[in-house]
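Trainee: I should like to request a close look at a single part of this structure, namely the packing of its helices and what surrounds that packing. Please take me through it in one connected account.

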Amino acid sequence: MTRRRALAVLAAGAELLAWWAVLTGLWMVLISSVDTLEWVVGGLAALLAACAARGTRRASGTP
Amino acid sequence: MSELPVLLGLLFVAVAATATVLVRDPVRQSFLLSVLGLALALLFLLLHAPDVALSQLAVGSALTPLMVLLSVRKVRRRARDERREEQA
Amino acid sequence: MNGWTAAGTALLVCGALPAGWGVATGPVRRRVVAQNAMTTLLSLVFLLLAQGFVRTAYQDTALVLAVLGPAGTLLYVRLLADRLAAGPPLSRPLSAVTPLNYVAVAVVVVPLAVVTDPGRALVKLLVIGVLLVLGSGVAGRAVAVAVDAGHGPRGHI
C-alpha cells in the first residue's frame, strides 16, 4: 500500500517536473532578453502552469 | 506602391464593418464581428501598432463571439421556456 | 516595400480575404471551416509582415493569433453544435481545407526559418509554426466530429 502510494507520488512529481521543464523552456524562448530575473519569474510562472496542466490532464481523463 | 498594404487593410475594415452593420441575424453577425476584429488587428499591425493589435486580437477573435453567442443562447432558451409555460 | 511585405500582401489578397468571404456568407459549417482557415492564414500574414518590417517583436501577434484562432473555432463548434449536426456530411472541398492549411504553414514557415539565424528567434518561429499546425488540426477535427454527430455510424453507408 505504502509502496503504491510512493510510486504515485513519484509519478506525479515526474509529470510536474516534465511540464515545468517544457514550460520554462517555452518562456525562455518567447522573451526578448534572458537574465536572472527572467529565470526566477519564468520558473515560478511555469510551476503554476505545470500544476494547471496536470490538473487539466487529469480532469480530461486521458491516461 | 508601399501604401498598398495599408490601403488594403483600410478597405478590408470598411467592408467588414459595413457588412456587420447590415447583417441582422445575431449568429451571422458574430461571425462577421470576428472577421472585423481580425481585420482591425491587421490594420493596427500595418500601422505599426502591434500592442493595440494584440489586445484587439484577444478581444475580437474569441471574446466578442463568445459573448454574442452566449447571449443568443440564453435569450432563445428563455423564449422557449416562456412559450412552454403559455401552452401549459 | 520588400519581398516579404509583398508576399504577405499577396497571401492576404489570395488567401485570407477569400477565407473572410467564406466566413461572412453561406451555411454555418462553411463559416466555421473558413474561420479556422482565416485565422491560420492571417497568422502567416503577420509572420511575413514581421519579417518584411524587420521587427521580430511583431511575431508576437502571430503567436497570439495561433493560440486564440483555434480557441475561437472550438467556441463556434461548441455553441453551434446543433446547427453543425443538422445537414449532410462535410463536402469534399470543405474537408480539404485543413490539409491546405498545413501546406500554407509549411510554405511560409520554411523560407522564414531558412533566413532566420539559428538561435532563440528560430525556435520561436518553429514554435509558432507547430502551434499553427496543431491548432488547425485540432479545430478541423472538432468540426468534422461535430458534423458527423448528426448522422451516427449509419450515415456513412
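Mentor: Let us begin inside chain C, where Gln59(C), Asp60(C), Ala62(C), Leu63(C), Ala66(C), Val67(C), Pro70(C), Thr73(C), Leu74(C) and Val77(C) form the H3(C) side of a helix contact. Their partners in H7(C) are Lys124(C), Leu125(C), Ile128(C), Leu131(C), Leu132(C), Gly135(C), Ser136(C), Val138(C), Ala139(C), Ala142(C), Val143(C) and Ala146(C). By class, the contact of H3(C) with H7(C) comprises 16 nonpolar, four polar and two charged residues. Please keep in mind that this is a predicted model.

As to geometry, the axes of H3(C) and H7(C) are 9 Å apart and enclose an angle of about 10°. An angle under 35 degrees counts as roughly parallel, and H3(C) and H7(C) are therefore roughly parallel to each other.

Chain C holds a further contact of this kind, between helix H2 (residues 28–52) and helix H6 (residues 97–115), with an angle of about 10° and axes 10 Å apart. H2(C) is therefore roughly parallel to H6(C). On the H2(C) side the contact involves residues including Val33(C), Asn36(C), Leu44(C) and Gln51(C), and on the H6(C) side residues including Val97(C), Asn101(C), Val108(C) and Val115(C). The contact of H2(C) with H6(C) has 13 nonpolar, four polar and no charged residues.

H7(C) also takes part in a contact with another chain. Helix H1 (residues 2–30) of chain A packs against H7(C), which spans residues 120–148, at an angle of about 115° and with the axes 8 Å apart. The range from 65 to 115 degrees counts as roughly perpendicular, and H1(A) and H7(C) are therefore roughly perpendicular to each other. Their crossing is left-handed. Here Leu26(A), Met28(A), Val29(A) and Leu30(A) of H1(A) meet Arg120(C), Val123(C), Lys124(C) and Val127(C) of H7(C). This contact of H1(A) with H7(C) is made up of six nonpolar, no polar and two charged residues. Lys124(C) thus has a place both in the contact with H1(A) and in the contact with H3(C).

H3(C), for its part, leads to chain B. Two pairs of chains touch, and the most contacts are between chains B and C. Chains A and B do not touch, their nearest C-alpha atoms being 15 Å apart.

Two aromatic pairs are counted over all chains. In one of them, the ring centres of Phe31(B) and Tyr76(C) are 4.2 Å apart and the planes lie at 10°, so the pair is stacked. This pair crosses between chains, from helix H2 (residues 26–46) of chain B to H3(C), residues 59–79. Phe31(B) is buried at a relative accessible area of 0%, and Tyr76(C) is likewise buried at 0%. For Phe53(C) and Tyr58(C), the centres are 6.1 Å apart and the planes at 80°, so that pair is edge-to-face. Tyr58(C) is buried, with a relative accessible area of 5%.

Leu45(B), in helix H2 of chain B, touches both residues of that edge-to-face pair, Phe53(C) and Tyr58(C). Leaving aside residues up to four places away in sequence, Leu45(B) also touches Pro50(B), Ala53(B), Phe46(C), Leu49(C) and Thr61(C). Leu45(B) counts as buried, at 0% relative accessibility. The C-alpha atoms of Leu45(B) and Leu63(B), which are 18 residues apart along the chain, are separated by 20 Å.

Note on methods. Residues are numbered from 1 along each chain as its sequence is written. Chains are lettered from A and ligands numbered from 1 in the order in which they are written. This is a predicted model: local features need pLDDT of at least 70, side-chain atom pairs count only at pLDDT 80 or more; totals for chains, interfaces and linings use all residues. Side-chain values use heavy atoms; hydrogens and water are left out. Axes are lines fitted to C-alpha atoms, for helices over the stretch in contact, and angles run from 0 to 180 degrees between N-to-C directions. Helices (H or I, at least four residues) and strands (E, at least two) are DSSP runs, numbered from the N terminus. Angles under 35 degrees count as roughly parallel, over 145 as roughly antiparallel, 65 to 115 as roughly perpendicular and the rest as oblique. A crossing is left-handed if the near helix is turned anticlockwise from the far one by less than a right angle, and right-handed if clockwise. Contact means heavy atoms within 4.5 Å. Ala, Val, Leu, Ile, Met, Phe, Trp, Tyr, Cys and Pro count as nonpolar, Asp, Glu, Lys and Arg as charged, and the others, Gly among them, as polar. Rings of Phe, Tyr and Trp (its six-membered ring) pair if their centres lie within 6.5 Å; planes under 30 degrees apart count as stacked, over 60 as edge-to-face and the rest as tilted. Buried means under 20% relative accessible area, exposed over 50%, partly exposed in between (1.4 Å probe, protein chains only).
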